[in-house]
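Trainee: I have a structure open and would like to learn how to read it. Could you walk me through a few features?

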Amino acid sequence: MAEDEIEARSRGKVTLHDVAREAGVSKSTVSRMLDERLPQADSPKLRRVQEVARRLGYIRDLSAANLRRGSTGMIGVIVPRLTDTVMAMFYEAISLAAAQQGRFAIVATTDDNPEASRKAAEALIRRGVDGLVMTTAREDDPFAEELRARGVPIVHALRHNGSSAASVGDDQLGGYLATRHLLDLGHRRIGIIAGPVYASSSRGRLDGYRQALTEAGIAEDPRYIVASTFSIESGETAARELLALDQPPTAIFAINDNTAIGSMSAIAQAGLSVPGDISLVGYNDIPIVSRLPVPLTTVRVPFDRIAEVALHLLFDDEHSQEIRRITPSLIPRKSTAPLA
């Protein structure tokens, strides 16, 4: 009898051997049939094993299984929140990419709080994940380096910390495309709802905005740059601030589609229209924005490609500090129009 089974018996713990003996099958059959990662064809034997395991109160020892295999086939994914459509879309993309590799992605949410991200990562590591995909990177947070020093495979996605492997959209290019589109329509007073400064995605899109203005020979006006979070509510608040200026912008580039939707609300409450009074561009191309009463011009991010590259980098030691930037594209719709 294996040492782990002797120890388990001494603690009164139900073992694979107990289930196998009661069900009248081999221990390896029980192990295979109770492994939730493996596809199971319904059969009387499977139902008998599952019923015996439930009746005896068998609990699979994940840590022992992990040690035996050296891998769980599980990937931990850490996101700020799944109520954010972008994060839900990315998690679906990473889950699909993982499944194509025979892996399974499990998610933890943190409300974009660094301490909560640490706790989530540690919980997933204890669970035995083979690596972590984190969308909560901050430039001033050393946690990723701490994990790498411990030998934990980790990759950032959507945002980066500047020093660890990451798969992200080319945010500077995206910000440039959005602003260039508005400039090409004749707009010169272009406001930006700029997002939080701790996120590389926000900073990159702001850099692209500035690049486009510089190319057009337009001096940057700090009054037209308003910080926000990534929420609808913050977009509404930021848009109100822009509309209250003595010379409000004729166009707004919102850092993501949520803040663009909030901006639409503020514009309507001010008695103005999109695009009649103000042109509006969002970012990410979440599904709802093409179906709004005024379909939103936005920058499309290829989440599926970002997910594929993230998983490639996760276990590629040769590129442990590489930041891969995936090209976005502008999707013009009815929320933007030439300056009257």
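Trainee: Let me begin with one helix. Which residues of helix 11 are buried?

Mentor: Happy to help, and please keep in mind that this is a predicted model. A residue counts as buried when its relative accessible area is under 20%. In helix 11, the buried residues are Ser-234, Gly-235, Glu-236, Ala-238, Ala-239, Leu-242 and Leu-243.

Trainee: What covers the buried residues of helix 11?

Mentor: The cover includes strand 6 (190–193), strand 7 (225–226), strand 8 (251–254) and helix 12 (257–269).

Trainee: Why do residues three or four places apart point the same way in an α-helix?

Mentor: An α-helix has 3.6 residues a turn, so residues with that spacing face the same way. Looking back at helix 11, you can find Ala-238, Ala-239, Leu-242 and Leu-243 among its buried residues.

Trainee: How far apart are the end C-alpha atoms of helix 11, and what span should its residues give?

Mentor: Here you compare an expected length with the model. Helix 11 covers residues 232–243, and at 1.5 Å a residue its 12 residues should span 16 Å. Its end C-alpha atoms lie 17 Å apart, which agrees.

Trainee: Now for pairs of helices. At what angle do helix 6 and helix 13 pack?

Mentor: For a pair, look at the angle and at the distance between the axes. Helix 6 (residues 85–99) packs against helix 13 (residues 303–314) at about 50°, and the axes are 8 Å apart. That angle makes helix 6 oblique to helix 13. Their crossing is right-handed. Among the residues making the contact are Met-89, Phe-90 and Ile-94 of helix 6, together with Phe-303, Ile-306 and Leu-311 of helix 13. By class, the contact has 12 nonpolar, no polar and 2 charged residues.

Trainee: And how do the axes of helix 2 and helix 4 cross?

Mentor: Helix 2 (residues 16–23) and helix 4 (residues 44–56) have axes that come within 9 Å and cross at roughly 125°. This makes helix 2 oblique to helix 4. The crossing is right-handed. Residues in the contact include Asp-18 and Glu-22 of helix 2, and Arg-48 and Arg-55 of helix 4. The classes here are 6 nonpolar, no polar and 4 charged.

Trainee: One last residue, outside the helices. Is Ala-165 buried or exposed?

Mentor: Ala-165 sits in the loop between strand 4 (154–157) and strand 5 (166–169). Ala-165 is buried, since its relative accessible area is 1% and the cut-off is under 20%.

Key:
Residues numbered from 1 in each chain as written. Predicted model: local features only at pLDDT ≥ 70, side-chain atom pairs only at ≥ 80, totals over all residues. Heavy atoms only, no water. Axes fitted to C-alpha atoms, helices over the stretch in contact; angles between N-to-C directions. Helix = DSSP H or I, 4+ residues; strand = E, 2+ residues; numbered from the N terminus. Parallel < 35°, antiparallel > 145°, perpendicular 65-115°, else oblique. Left-handed = near helix turned anticlockwise from the far one by under 90°. Contact = heavy atoms within 4.5 Å. Nonpolar A, V, L, I, M, F, W, Y, C, P; charged D, E, K, R; others polar. Expected span 1.5 Å × (residues − 1). Buried < 20%, exposed > 50% of the residue type's maximum accessible area, 1.4 Å probe, protein only.
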